[in-house]
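Dear colleague,

I am handing over the structure below, together with a short account of what turned up among its aromatic rings. Please read the text alongside the coordinates.

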Amino acid sequence: MAAGNPELLFREALRELFIRRNENVGIQMLNRASSRGHAAAKYALSMMLMLRTDYNVEKQKGLELYRELDAAGLLAGSNARCFSILTQSWPGEVQMPRIEEQHTVCASPRCSTRGHMPLLYDYRRRAAERNSVHAFGRAAHIPCIQCRADYDLQAFVNLP
């Protein structure tokens, strides 16, 4: 970690954030790991920043990181990496942050999907419980990237 190994920084950042509940240290570690090219760290950092309701600048920075991952085609793999570490490394110990009911990343007044991502996530989750074909696809079909970020936030806080 002292040498700045991005994988170790990423794992320890997740431990700080979701087990020890030390948000400031965890976000600093994610910053260091993502600046060294760790895509899953960038994904986790984008999620944590977009969850912020009190800092609009940080929320926008999170959306910018999310857009970079989307453009590089790294969203699904980064989400899967976070999921595997949080569920397999520390089963039962992880405490994910809560998302406020009216929290949205999308601020466009003309967006037809704005505010509907919690409903879509819940629908997909229930479909997965029934092994339905409707469980697949996540939010990739939604043209608004901000709404896709909202969907991924729902999935992120419900990981383990």
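Ring pairs join F18, Y43 and F156 into a cluster, and since the model is a predicted one, everything that follows describes computed geometry. The structure holds two aromatic pairs, which I take in turn.

In one of them, F18 and F156 meet edge-to-face, with 5.9 Å from centre to centre and 70 degrees between the planes. F18 belongs to helix α1 (residues 6-18) and F156 to helix α7 (residues 145-157), so this pair ties together parts of the sequence that are 138 residues apart. Both rings belong to buried residues: F18 has a relative accessible area of 1%, while F156 stands at 0% relative accessibility.

The other pair is formed by Y43 and F156, again edge-to-face, with 6.0 Å centre to centre and 75 degrees between the planes. Here too distant parts of the chain are linked, as Y43 sits in helix α3 (residues 39-51) and F156 in helix α7, 113 residues apart. Y43 is likewise buried, and its relative accessible area is 0%.

Which residues, then, should you select to display the cluster? They are F18, Y43 and F156, linked through their ring pairs, with F156 taking part both in the pair with F18 and in the pair with Y43.

With best regards

Key:
Residues numbered from 1 in each chain as written. Predicted model: local features only at pLDDT ≥ 70, side-chain atom pairs only at ≥ 80, totals over all residues. Heavy atoms only, no water. Phe/Tyr/Trp six-rings, centres within 6.5 Å; stacked < 30°, edge-to-face > 60°. Helix = DSSP H or I, 4+ residues; strand = E, 2+ residues; numbered from the N terminus. Buried < 20%, exposed > 50% of the residue type's maximum accessible area, 1.4 Å probe, protein only.
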